[in-house]
2 protein chains.
Amino acid sequence: MSQQQSTPDPALTTLVGLAAYTGLAAFGLLAARSVDAPDLAARQTLATAAGEALERQQRLLALVGAPGPDGAAAVMAPFDGALADFDARTTPSGWAEGLLKSVVGLGVARDLCRELAAGLPDGGSAFVGAVGLPVGEPPADDPATALLAEAAAADGVLAARLALWGRRVVGEALGLVPVLLAAHPPLAALAARAREAADDGGASAQAWLVSRLTAEHTRRMDRLGLAA
Amino acid sequence: MSQQQSTPDPALTTLVGLAAYTGLAAFGLLAARSVDAPDLAARQTLATAAGEALERQQRLLALVGAPGPDGAAAVMAPFDGALADFDARTTPSGWAEGLLKSVVGLGVARDLCRELAAGLPDGGSAFVGAVGLPVGEPPADDPATALLAEAAAADGVLAARLALWGRRVVGEALGLVPVLLAAHPPLAALAARAREAADDGGASAQAWLVSRLTAEHTRRMDRLGLAA
């Protein structure tokens, strides 16, 4: 170790920027669903989930030595506004749709970042350590998922509506992947290396990534008890 | 110490209920102002402030052994809806008014709880330890206050509007104090004991409390650079 702090890998910085920006969005969506939740226990549950999303985001920012709000803003800046179209196209009707948007949209974002991390020089171990969840492993005890699964199980009409809504949200979220890879060459390079490391077939890196994210989404909807 | 965990003082449980409920509201207001903040650094700053408000709330809940969302909900239940009128009467126009609402409204709530804590059998030391701030001591480095002071200093028209808005918000917040004391006898009893402990004049407990909160509000507006 030299006396100077080592400069973080530029690809890591870009990936942390994406993960921190979508993590901040996750915080905001979960916090908003805490505010309009139907009862106090759900308010507390979702506030806690929002707080945990923020803690993950802060651990990721620490990986690239981005101290304070200004450091965080500098790392996230390349992605500022990246979710505006997604948000505009997925305005939820009511609390349950809003919560599903946060679970699905930010689930896809988190999966995307974990998949891309496999293309980092260290195979993503530091990144995954900060996120606290290896690729392909579902959150052991995700309270937002549990709340939604409970609401859907109690109301068949709501469950059918949420299943449709989940398809719309995941479609918009997956549609962002090519846009992000095209706009951020370091992410495209990570995708290519992650695809090589996985060594499973001849698909393009982008097609491979979208199919991985789609499979993970199907498992997520299964956990929710909703048809994917 | 008996083998069974000691039952918390009922007055402490009531006070923690009030502090936890208003703390959850503080979290929600700060998080919402993170979502619509004008830039990424302000978004990060306010998300962090919201996360800290939630951590304080969780420390308070731990004081009365209220584990998990259901325990938290049980302690907060007596105050469910207590801020509905306040919220309906203080709908902000724009981000800066919304942020001032959170700083003023929840500043008053926090001051109220710290003042009442002085009426607890232990003089409130455990409560104040969890909140992390003795009565009369301003938050050393409150980022929401700093953001607002900066915005007001840069725009005289905004500063004048915010000064008016601050008076309206504090009026509504102080108007809640008699309502809360009347509806929750343990809080009225705490106010009476806190007033005795302070031993400063012949005012009623309620009048004494409101004058203390008003003085603290004036200092808060001074820190913001706004006319109280």
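How many residues apart are A:Glu216 and A:Arg219 in helix H10 of chain A? I looked this up first and found them 3 residues apart, so they are separated by about one helical turn. Helices here are DSSP runs of H or I with at least four residues, and strands are runs of E with at least two, numbered from the N terminus.

**Conventions**

I record that the model is predicted, that local features need pLDDT of at least 70 and side-chain atom pairs pLDDT 80 or more, and that totals for chains, interfaces and linings use all residues. Residues are numbered from 1 along each chain as its sequence is written, chains are lettered from A and ligands numbered from 1 in the order in which they are written, and side-chain values use heavy atoms, with hydrogens and water left out.

**Salt bridges**

I searched the whole structure for salt bridges (a side-chain nitrogen of Lys or Arg within 4 Å of a carboxyl oxygen of Asp or Glu). The search returned 16 over all chains. As background, side chains of opposite charge can pair when their charged atoms come close.

I began with the pair named at the top: the side chains of A:Glu216 and A:Arg219 form a salt bridge at 3.1 Å, N to O. For burial I used relative accessible area: under 20% is buried, over 50% exposed, and in between partly exposed (1.4 Å probe, protein chains only). On this scale A:Glu216 is buried at 8%, whereas A:Arg219 is partly exposed at 44%.

I then examined A:Arg220, whose side chain meets that of A:Asp111 in a salt bridge of 2.5 Å, N to O. A:Arg220 lies in helix H10 (residues 205-224) of chain A and A:Asp111 in helix H5 (residues 95-117) of chain A, so the pair ties together parts that are 109 residues apart in sequence. Both ends are buried: A:Arg220 has a relative accessible area of 5%, and A:Asp111 has 7%. I also noted that A:Asp111, A:Arg114 and A:Arg220 are linked in a network of salt bridges.

In chain B, I looked up B:Glu97 and B:Arg161, which form a salt bridge with their closest N and O atoms 2.7 Å apart. B:Glu97 lies in helix H5 (residues 95-117) of chain B and B:Arg161 in helix H8 (residues 156-183) of chain B, so this pair ties together parts that are 64 residues apart in sequence. B:Glu97 is buried at 7% relative accessibility, while B:Arg161 is partly exposed at 39%.

**Aromatic pair**

I next looked for aromatic pairs: rings of Phe, Tyr and Trp (its six-membered ring) with centres within 6.5 Å, counted as stacked with planes under 30 degrees apart, edge-to-face over 60 and tilted for the rest. I obtained 1 aromatic pair over all chains. A:Phe27 and B:Phe27 make up this edge-to-face pair, with 6.1 Å centre to centre and 85 degrees between the planes. A:Phe27 lies in helix H1 (residues 10-35) of chain A and B:Phe27 in helix H1 (residues 10-35) of chain B, so the pair joins two chains. Both A:Phe27 and B:Phe27 are buried, and for B:Phe27 I read a relative accessibility of 1%. The C-alpha atoms of B:Phe27 and B:Ala163 are 23 Å apart, with their positions 136 residues apart along the chain.

**Surface charge**

Which residues gather in a patch of negative charge on the surface? I found A:Asp39, A:Glu150, B:Asp70 and B:Asp80 there. I located B:Asp80 in the loop between helix H3 (68-76) and helix H4 (84-89) of chain B. Patch members have over 30% relative accessible area and no salt bridge, with like charges joined within 9 Å and nonpolar side chains (Val, Leu, Ile, Met, Phe, Trp, Tyr) within 5 Å.

**Single residues**

Is A:Gly129 buried or exposed? I found A:Gly129 exposed, with a relative accessible area of 53%, in helix H6 (residues 125-131) of chain A. The C-alpha atoms of A:Gly129 and A:Leu63 are 10.0 Å apart, although 66 residues separate them along the chain.

I closed with B:Arg220, in helix H10 (residues 205-224) of chain B, and found B:Arg220 buried at 5% relative accessible area. From B:Arg220 to B:Ala191 I noted 22 Å, C-alpha to C-alpha, and 29 residues in sequence.

Methods. Areas by Shrake-Rupley, 256 points an atom, 1.4 Å probe, with all protein chains shown as cover. Lys, Arg positive; Asp, Glu negative; His and termini not counted. Charge placed at Lys NZ, Arg CZ, Asp CG, Glu CD.
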